[in-house]
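Student: Could you zoom in on one part of this model and walk me through its surroundings? I'd like the cut-offs spelled out as you go.

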Number of protein chains: 2
Amino acid sequence: MRFAIYLPPSANVGKVSALFWLSGLTCSEQNFITKAGAQRAASALGLALIVPDTSPRGEGVPDDDAYDFGCGAGFYVDATQEPWSRNYRMYSYIVHELRKLVIESFPVDPSRIGISGHSMGGHGALAIALKNPDLFKTVSAFSPISSPMDCPWGKKALAGYLGGDAADWEQYDAVKLMLNRGWSGPEILVEQGEADEFLRSQLKPDLLTHAAEMGDVPLRLRMRVGYDHSYYFISTFIAAHLEHHARYL
Amino acid sequence: MRFAIYLPPSANVGKVSALFWLSGLTCSEQNFITKAGAQRAASALGLALIVPDTSPRGEGVPDDDAYDFGCGAGFYVDATQEPWSRNYRMYSYIVHELRKLVIESFPVDPSRIGISGHSMGGHGALAIALKNPDLFKTVSAFSPISSPMDCPWGKKALAGYLGGDAADWEQYDAVKLMLNRGWSGPEILVEQGEADEFLRSQLKPDLLTHAAEMGDVPLRLRMRVGYDHSYYFISTFIAAHLEHHARYL
């Protein structure tokens with residue numbers, strides 16, 4: 001497993017807060033760290049950036065020819081189905097293995113960690129925070145899948161990794177988690193481009209705002225006219241998200 | 001030929017100033033536009049960004065296996081040697097063809113255009129501005145080659161594109177141009193990382209500061225401790241360069 005990390009200058013004199021960033025389909029640990037332009041704001045805010053890959057990779061790791069399943073498409077779940085269950089354990093990797101490694105290896109304060117992400121990773125951030133509010137104190141997302149149980153990307157991935165029983169999918173679905181667990185942390189910030197080519201077919205932000213209302217979850221969805229699904233969108237608003245996390249961490 | 005362009009919001013209501021960015025070895029028109037994080041400052045400053053490729057490419061375009069010659073390594077000269085002379089005319093492309101196309105196709109004010117670049121492209125920006133002070137009013141550079149006549153990358157490229165007579169190289173060498181032509185425009189800003197792996201072998205900023213002194217050229221070289229040759233360095237200081245250009249354009 002590879003991950004990227006950015007440490008702000010203040011990490012030289014003490015422990016800093018940190019933001020985990022979960023990337024979207026086809027991405028590696030490189031996309032965010034090279035394209036989002038987040039380091040300037042992270043430097044000023046004293047925030048470390050922890051940027052994992054989106055799946056296991058390498059010799060002996062099963063893959064699939066599709067861009068939306070297998071390598072580059074781990075969906076941040078622990079697979080139970082063969083041949084994926086041995087390697088595709090991205091949920092446990094993020095929540096336990098990587099978090100532990102980061103805390104032990106870098107001057108990161110374990111009580112001040114937030115999480116964010118994009119698309120598949122935006123959903124991953126939401127689901128992981130909702131399931132682990134003591135480990136991830138703040139959460140935001142760019143262009144997230146709202147409910148993998150209710151979109152083509154998600155249904156394919158969850159069926160492949162977890163099997164055909166949809167009851168097994170609910171533990172990883174942000175909409176179900178909002179309804180079942182709520183969220184008592186700071187407001188959840190969601191940024192969404194109105195010109196996003198996946199808006200209506202895959203992302204469906206209305207599902208998220210509806211679940212937030214029903215589950216009494218503080219969520220602010222900001223629709224942005226003219227923006228698409230790309231890293232140009234992320235680079236435009238990433239500083240505002242880092243400020244949001246830093247304010248509460 | 002491909003190029004990237006960013007137009008600031010103010011281009012919707014009138015003509016804007018523009019900065020040409022020339023990239024370094026191995027780059028295409030994508031590197032700067034995706035990695036430098038320049039759009040935020042360009043948006044605030046009302047500055048268009050014009051980002052050409054570093055060489056011709058495609059079927060029928062001669063190439064070389066080396067990373068520092070042929071495709072991705074045009075060095076911003078007009079080649080005179082076979083088989084390069086037909087396609088490798090990056091100097092004329094930037095100064096005449098692309099500049100004309102941009103002025104005719106976009107709301108860019110031809111009297112307010114500056115130029116900058118990185119490494120091979122940092123040198124290209126310096127040489128092109130020094131030769132065309134009426135067309136490019138401001139110039140800056142990141143980690144530029146100071147004198148292609150006096151470094152391994154440059155000697156190889158100039159010999160290949162222009163032939164073995166070093167007298168033919170002088171017209172494209174920033175150090176020679178500073179001495180022979182001077183510069184009456186605003187201060188030339190040069191940003192250089194002290195941990196740059198090419199600092200002493202290829203870039204040699206001392207040659208540039210010496211030529212600036214001898215040629216009475218206003219040049220400010222800023223050495224930055226700890227920074228290398230990468231786009232992370234550029235992304236750290238690009239806003240300051242855009243501000244410098246915008247101030248004088």
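**A close look at B:Gln192**

Tutor: B:Gln192 touches B:Ser143, B:Pro144, B:Leu199, B:Leu203, B:Pro205, B:Leu221, B:Arg222, B:Met223, B:Arg224 and B:Phe233, leaving aside residues up to four places away in sequence; touching here is a contact, heavy atoms within 4.5 Å. Bear in mind that this is a predicted model, where local features need pLDDT of at least 70 and side-chain atom pairs count only at pLDDT 80 or more, while totals for chains, interfaces and linings use all residues. Housekeeping: residues are numbered from 1 along each chain as its sequence is written, chains are lettered from A and ligands numbered from 1 in the order written, and side-chain values use heavy atoms, without hydrogens or water.

B:Gln192 sits in strand β6 (residues 188-193) of chain B; strands are DSSP runs of E, at least two residues, and helices are runs of H or I, at least four, both numbered from the N terminus. With a relative accessible area of 1%, B:Gln192 is buried, the label for anything under 20% with a 1.4 Å probe, protein chains only. Its side chain has a polar partner too: the side chain of B:Asp196, at 3.1 Å. That's a polar contact, a pair of N or O atoms within 3.5 Å, one able to donate a hydrogen and the other to accept it within protein, with sequence neighbors counted only if both atoms are side-chain atoms.

Two of the touched residues, B:Leu199 and B:Leu203, carry the end numbers of helix α7 (199-203) of chain B, which is part of what covers the buried residues of α5(B). So hop over to that helix: in α5 (residues 152-162) of chain B, the buried residues are B:Trp153, B:Gly154, B:Ala157, B:Leu158, B:Tyr161 and B:Leu162. They span an arc of only 110° around the axis, so they sit on the same side of α5(B); the arc is taken over the directions from the helix axis to the C-beta atoms. The general rule is that an α-helix has 3.6 residues a turn, so residues three or four places apart point the same way. Right after α5(B) comes B:Gly163, with a positive phi near 90°.

One last bit of context is the other chain: eleven residues from chain A and eleven from chain B make up the contact between them. Four residue pairs there are in polar contact, both residues at pLDDT 80 or more.

Definitions and conventions:
Buried < 20%, exposed > 50% of the residue type's maximum accessible area, 1.4 Å probe, protein only.
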